[in-house]
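Let's take a walk through this model together, moving from an annotated stretch of chain to the aromatic rings. Please keep the sequence and the 3D view open as you read.

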Amino acid sequence: MDSATNSSGFQVSEFVLLGLPGIHEWQHWLSLPLALLYLLALGANLLIVITIHHELNLHQPMYQLLSVLAVVDIGLATTIMPRILAIFWFDAKAVSLPECFAQIYAVHCFTTMESGVFLCMAVDRYVAICHPLRYPSVVTGVFVVKAVVFMVLRNVLLTIPVPVLAAQRCYCSKNEIEHCMCSNPGVTGLACDDITINRFYQLALAWVIGGSDMALVFISYVLIFRSVLRLNSAEAIVKALSTCSSHLILIFFFYTTIVVVSIAQLAGKAVPIFPVLLNVLNIVIPPALNPMVYALRTHELRVGFQRVLGLHENVFQK
């Protein structure tokens, strides 16, 4: 009875983010590559947004969705990287409870939004390849706006209970988190009361949003490959696949890393640094990787980059 009274009568005022488990003494050496990845993600995604806005020939649904993805990537990386760099450089480990819950919400929002954008891009490629004659009338600017608004509302509303449920728990003893950021499992694991509802909703959210998006993307590409394989010309098959190769690379990397991180969380007790490091890299690498993949595999985008950066005129003059 006394312990229960103490638990309910005391609430920690802040959490302490210890950083990467087991390597606290030299984790600051990782700040340089992480900072470079963050700057690359910011610069490359800003360049994509500016280029697509600037070039009229890129005002197409496929590139508009890519622009939305770039904005989401900037938000996702910015949600955690300044805090991580502050921990590594300035030893700023203390974080208030509201700030921690806000970061949990932002990470869930942007991650599910990225999954939703990949689903929209898969639908775009499905209509373009399987129903090319209907593509101009189906996938329009209005379609993009409606799809993005739906994804924003879905993710904003469905992820609200995650930080709300976490904030309702009682944190009465431990306040040190073996992580570089506020993750929902890491924070709720410190609670003194029952967290069954938190775990249940986290799992349900993963299946409802992540699972459904992954299943629909998989179905879209099954239908795409079936339609492509029916083409008589090998040249037509290569051309059709090349239009969705960039997107296929990115969604494969995105969902594969999520599965790997989930498995690593289960095996985290043996090597605790492994799931934490993977979780951080899973948030910072895709924003840096996505623009590079599209830039390397999309000629129109490369030309747009050259024009925005003023390289196109220099090359032409030479």
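A good place to begin is residues 102–123, whose end C-alpha atoms lie 32 Å apart. This span is 100% helix and 0% strand. Keep in mind as we go that the model is predicted. The stretch comes from a record: an unreviewed UniProt entry annotates residues 102–123 as "transmembrane region", and the other ranges under that annotation include 65–90, 204–225 and 273–296. Residues 273–296 give you a second span to look at, with 33 Å between the end C-alpha atoms and, again, 100% helix and 0% strand.

Now turn to helix α4, which runs over residues 97–130. How far should the 34 residues of α4 span at 1.5 Å a residue? The expected value is 50 Å, and the end C-alpha atoms of α4 are 49 Å apart, so the two agree. As for its surroundings, 26 of the 34 residues of α4 are buried, which means that the helix is largely enclosed by the rest of the structure.

Leu-119 makes a handy viewpoint within α4. If you look from Leu-119 to Ala-102, 17 residues away along the chain, the C-alpha atoms are separated by 26 Å. Is Leu-119 buried or exposed? Its relative accessible area is 9%, and because buried means under 20%, Leu-119 counts as buried. Leaving aside residues up to four places away in sequence, Leu-119 touches Met-151, Asp-213, Leu-216 and Val-217.

Next, the aromatic rings. With ring centres required to lie within 6.5 Å, the count comes to seven aromatic pairs. One of them joins Phe-15 and Tyr-171, edge-to-face, at 5.2 Å centre to centre with 90° between the planes. Phe-15 sits in strand β1 (residues 14–17), while Tyr-171 belongs to the loop between α7 (161–167) and β3 (176–177), so this pair ties together parts that are 156 residues apart in sequence. Phe-15 is buried, at a relative accessible area of 0%, and Tyr-171 is buried with a value of 0% as well.

For another pair, find Trp-89 and Phe-90: their ring centres are 6.4 Å apart and their planes meet at 85°, so this pair is edge-to-face too. Here the surroundings read another way, with Trp-89 partly exposed at 47% relative accessible area and Phe-90 exposed at 63%.

To finish, go back to Phe-15 and Tyr-171 and add Phe-101: these three residues form one aromatic cluster.

Notes. Residues are numbered from 1 along each chain as its sequence is written. This is a predicted model: local features need pLDDT of at least 70, side-chain atom pairs count only at pLDDT 80 or more; totals for chains, interfaces and linings use all residues. Side-chain values use heavy atoms; hydrogens and water are left out. Rings of Phe, Tyr and Trp (its six-membered ring) pair if their centres lie within 6.5 Å; planes under 30 degrees apart count as stacked, over 60 as edge-to-face and the rest as tilted. Helices (H or I, at least four residues) and strands (E, at least two) are DSSP runs, numbered from the N terminus. Buried means under 20% relative accessible area, exposed over 50%, partly exposed in between (1.4 Å probe, protein chains only). Contact means heavy atoms within 4.5 Å. The expected span of a helix is 1.5 Å times one less than its number of residues. UniProt positions are given in the numbering used here, feature names are shortened, and annotations may be inferred rather than shown by experiment.
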